Amino acid sequence: MSAKAISEQTGKEFLYKYICTAAAVQNRFRYANVTTETDWDRLTQEHPWLLTERLVVKPDQLIKRRGKLGLVGINLDLQGVKDWVKTRLMKETTVAKAKGVLKNFLIEPFVAHAQSDEFYVCVYAAREGDYVLFHHEGGVEVGDVDAKAQRLLVAVDDKLSEEQVTEKLLVHVSDEKKGVLASFIVGLFNLYEDLYFTYLEINPLVVTGDGVYVLDMAAKIDATADYICKAKWGDVEFPPPFGREAYPEEAYIADLDAKSGASLKLTLLNPCGRIWTMVAGGGASVVYSDTICDLGGVDELANYGEYSGAPSEQQTYDYAKTILSLITREKHPQGKVLIIGGSIANFTNVAATFKGIVRAIKDYQGPLKEHEVTIFVRRGGPNYQEGLRVMGEVGKTTGIPIHVFGTETHMTAIVGMAMGHRPIPNQPPMDAHTANFLLNASSNAVTPASTRTASFSEPKLAGEATPPKKPKAGFQAAKATTLFSRHTKSIVWGMQTRAVQGMLDFDYVCSRDEPSVAAMVYPFTGDHKQKFYWGHKEILVPVYKNMDDAMKKHSEVDVLISFASLRSAFDSTMETMQHPQIRTIAIIAEGIPEAQTRKIIKRADEKGVTIIGPATVGGIKPGCFKIGNTGGMLDNILASKLYRPGSVAYVSRSGGMSNELNNIISRTTDGVYEGVAIGGDRYPGSTFMDHVLRYQDTPGVQMIVVLGEIGGTEEYRICQGIGEGRITKPIVCWCIGTCATMFSSEVQFGHAGACANQASETAVVKNQALRDAGAYVPKSFDELGDVIKTVYDELVANGTIVPAQEVPPPTVPMDYSWARELGLIRKPASFMTSICDERGQELIYAGMPITEVFKEEMGLGGVLGLLWFQRRLPRYACQFIEMCLMVTADHGPAVSGAHNTIVCARAGKDLISCLTSGLLTIGDRFGGALDAAAKQFSKAFDSGMLPMEFVNKMKKDGKLIMGIGHRVKSINNPDMRVQILKDFVKQNFPATQMLDYALNVEKITTSKKPNLILNVDGFIGVAFVDLLRSCGGFTRDEADEFVEIGALNGIFVLGRSMGFIGHYLDQKRLKQGLYRHPWDDISYVLPEHMSM
């Protein structure tokens, strides 16, 4: 959501810090906060003025009209304040329908003044700009300010001047106060703009000879502007509405939401309730809440929430387990129900999200059965069949009653089932599987002849698109009636390959002559071409680094589809509108600050550009064009007959609900002519009325469907249009959010604009107004499909619509990746791996999640055990591995590997090249003796040779014993590395047969020459054999195989890499120049005839 209420203390802090005005603002930062935790002695030390001044105290919990409710203590001393607070702190209080506990109070200095010193001022946002309201009589008895106050509109991008304020607002103010008030109001307005307020009310504002006093204040800020205002806002706390507690689970989900590109919302309404929801989609979540309340479940509805925007499996798991933990907290005598519902998804992989929910259900299967929880599921969208299958399976395996339904069932039918108002079908009819739509017997690889391209009722027109008329100077440009045709070309901003492929598949199935995507723009790569499929063949779509190049090279393009992020959408959209060829822009991003959206709208109106969005999935014109992911995948496109036009046009706020409308309309009429989701923000780029009027003027549209929403007043323009005769086609309307009037406290629904600020903005009042105006309005969303069918049947009966014969669409091949996701095909893998899996939500090492690796404190040795040996090794084994890495890390700059690394580093090469140069020297002569020593000693020991026999045989064969001998160290000058390892092995290893054998060999070799000791390579080699054979984790064959395939040399390579990197960094740090070997260290031995 965007506009969020802040506490009075936060609002005043912002004002005192950042207001810029010539008026003397008094009592800056003079406020104190009191809660149950307050230490009064400490409070008076921090705020000594509490001891000396008369005071005012009031609760700071978003309570309106505190004065009239007797919730303000005035002109008290400190003891009086303490007494006043004591009688109210943690006491339940009723405000309107809301019951809540008073727990947070604000104390400020009392300001003695006359009634004539009180004024009212308010600034609030509207689509066309910001309104400043002023009334010369403020205070508790201000009354209906909307009717009484002076009002001034400051249009988008305009500035407010003191002259305007004085002339338009201060007409009833005495001359001596006009200057102060004008300066303060201008400063207040600038503050409002700079800090992205959406509402700022001061009542009363007191003006005396000393200056200006801000007594009571209420404010909302645009929370989506956090990335812009963070430096000034700091960490803002948004208190819950009075009457609703702030629960830690809500904060947890809000934190998940902030860290995710998806949308995750949770509001607890009644934690003791028996009806719980887990709904996908901002619009769908409201519809489910409406239906529950319509069926009498308002007192048992436990929560409102939604997840949408393609959350990952892990995110869905975290969301679901939070809901399940709340459901299973306390029992209900009738048991509980969980409704896992949703509309038909456009792009969310239903199976992936359901897997997260299934994991959570498995985790809570015991408590769910104990609390007698019954689960009802209804969903559609990409891969929904698999999602429903796994959901059904978990019901069978856990014994939890889970009833599963797909798109064949009306979206809210499961609510009636869950509440006992309708029977639960034993075997619900299932729609065909995805594969049945896409893979058929046809081998036709060319685009077939055109399918039906006109509506059942529409004569083919010579000119499909109606271009906008060029505006006269000083007038706004007219917008096009027809936004899309079969020849529309678009540019896609953003590397959204899946969405583009979906558009091209839609084009192909609609038998378009050419793809609708001409190019893509992506500033983060150079110009290149991206490969896509057009039916069976591959095509290349150009990708440009900047917008100008794309526009110049594709002059036929008139639509831009912007997948820019919320941070860059504003700039990229404003840049796009500099190109007059663009007539329509779809902005997908959610969370664009409202002030920026209003600037986009103003520029679009000036340029004659139609904006769809922000916060939308887009729109679709069957047989012609679709925006991005609208309409979902091809199975839904075909099931909802979106490949050819019907006679019904719709406009909706919600993207998910627009797809549900596609489903409903395709089942009750001849199909969709065009559908647009204008987006869930408070100020969508285009309005319901903009599109309704387009449909009214489009011959192919015979009836219109509008899915409105709580919040805003746009639906009243439709009422006006019907009343004035501007809208004459049958129009079916329903506003979702009827449940809001039944809640005791304010609930912000999933969409930013879904919140009523006054009675006229509620869904109930708007539905009645539409009904009174002559629109067809059902009693509930449940009946929407029936009403649409009734109106359609009447139009068929009177001959307005003449149903035409269906023509099957062409076959579109399924993408390999999606076919594999659905389990329809198999293919031998090019690679196999058994040590690591990064595909899920958490990295897995040999079956162990990375979080467990850290939780168990396995260390580097433990990780190496998992990745090299696929085992969880004993603690002593992990320690031994780490010791080996430590002792082999380096052996000075003189050895060949370090020498090579140093020479390479001094030649100016990079780290990887220098490391590789050193590693390439490792072999039998340097460092590679671990494997060889292990093999030689193992072979001798296993064959039963005595140590003396082994030494003699190697001498007779003329072979060196690997792991024996050292250039510097000897029996008299032992290698401390070997000694350290030997002590550890003897203390911790269960058996050391191989090591004992090697030490006996050492006794024989050192008797001949003192430096023929068991060196560190040999020691590690034989000790590792003992480890593999005796730790209990390996069979004998497995232990021998690890030696044979070179695992032990890996220890030296890994350890010595640390040293080589150290030498590289050392040389760079010392800034050593190019190395050249000195002549006097080279013996030049040339043939005699050459030297002469």
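This briefing introduces some salt bridges and one small group of strands in the structure above. Please keep in mind that the model is predicted. Across the structure there are 47 salt bridges, and a few of them are described here. The strands in question are β33, β34 and β35, which form an open sheet.

**Salt bridges around K58**

- A good place to begin is K58, which forms a salt bridge with E108, where the closest N and O atoms are 3.2 Å apart.
- This pair joins distant parts of the chain, since K58 sits in strand β3 (residues 55-59) and E108 in strand β7 (residues 105-109), with their positions 50 residues apart.
- K58 also forms a salt bridge with D216, and here the closest N and O atoms are 2.4 Å apart.
- Distant parts of the chain are linked by this pair too: K58 is in strand β3, while D216 lies in the loop between β12 (211-214) and β13 (217-222), 158 residues apart.
- Is K58 buried or exposed? With a relative accessibility of 1%, K58 counts as buried, because buried means under 20% relative accessible area.
- Its partner E108 is buried as well, with a relative accessible area of 7%.
- Looking wider, K58, E108 and D216 belong to a network of salt bridges that also links E8, K12 and R66.

**A salt bridge within one helix**

- For another example, turn to helix α10 (residues 313-327), which holds both K321 and D318.
- K321 and D318 form a salt bridge, and their closest N and O atoms are 3.8 Å apart.
- Because these two residues are three apart in the helix, about one helical turn separates K321 from D318.
- The two partners fall into separate accessibility classes: K321 counts as partly exposed at 26% relative accessibility, whereas D318 counts as buried at 10%.
- As a general note, side chains of opposite charge can pair when their charged atoms come close.

**A three-stranded sheet**

- Which order do the strands of the open sheet follow? The order is β33-β34-β35, and the pairing is antiparallel.
- β33 (836-837) and β35 (848-849) stand at the edges with a single partner strand each, so one side of each has no neighbour in the sheet.
- Two bridges join β33 to strand β34 (residues 844-845), and these strands pair in the antiparallel sense.
- To find one contact of this sheet in the structure, look for C836, whose bridge partner in β34 is Y845.

Note on methods:
Residues are numbered from 1 along each chain as its sequence is written. This is a predicted model: local features need pLDDT of at least 70, side-chain atom pairs count only at pLDDT 80 or more; totals for chains, interfaces and linings use all residues. Side-chain values use heavy atoms; hydrogens and water are left out. Two strands pair if DSSP finds at least two bridges between them. Helices (H or I, at least four residues) and strands (E, at least two) are DSSP runs, numbered from the N terminus. A salt bridge is a side-chain nitrogen of Lys or Arg within 4 Å of a carboxyl oxygen of Asp or Glu. Buried means under 20% relative accessible area, exposed over 50%, partly exposed in between (1.4 Å probe, protein chains only).
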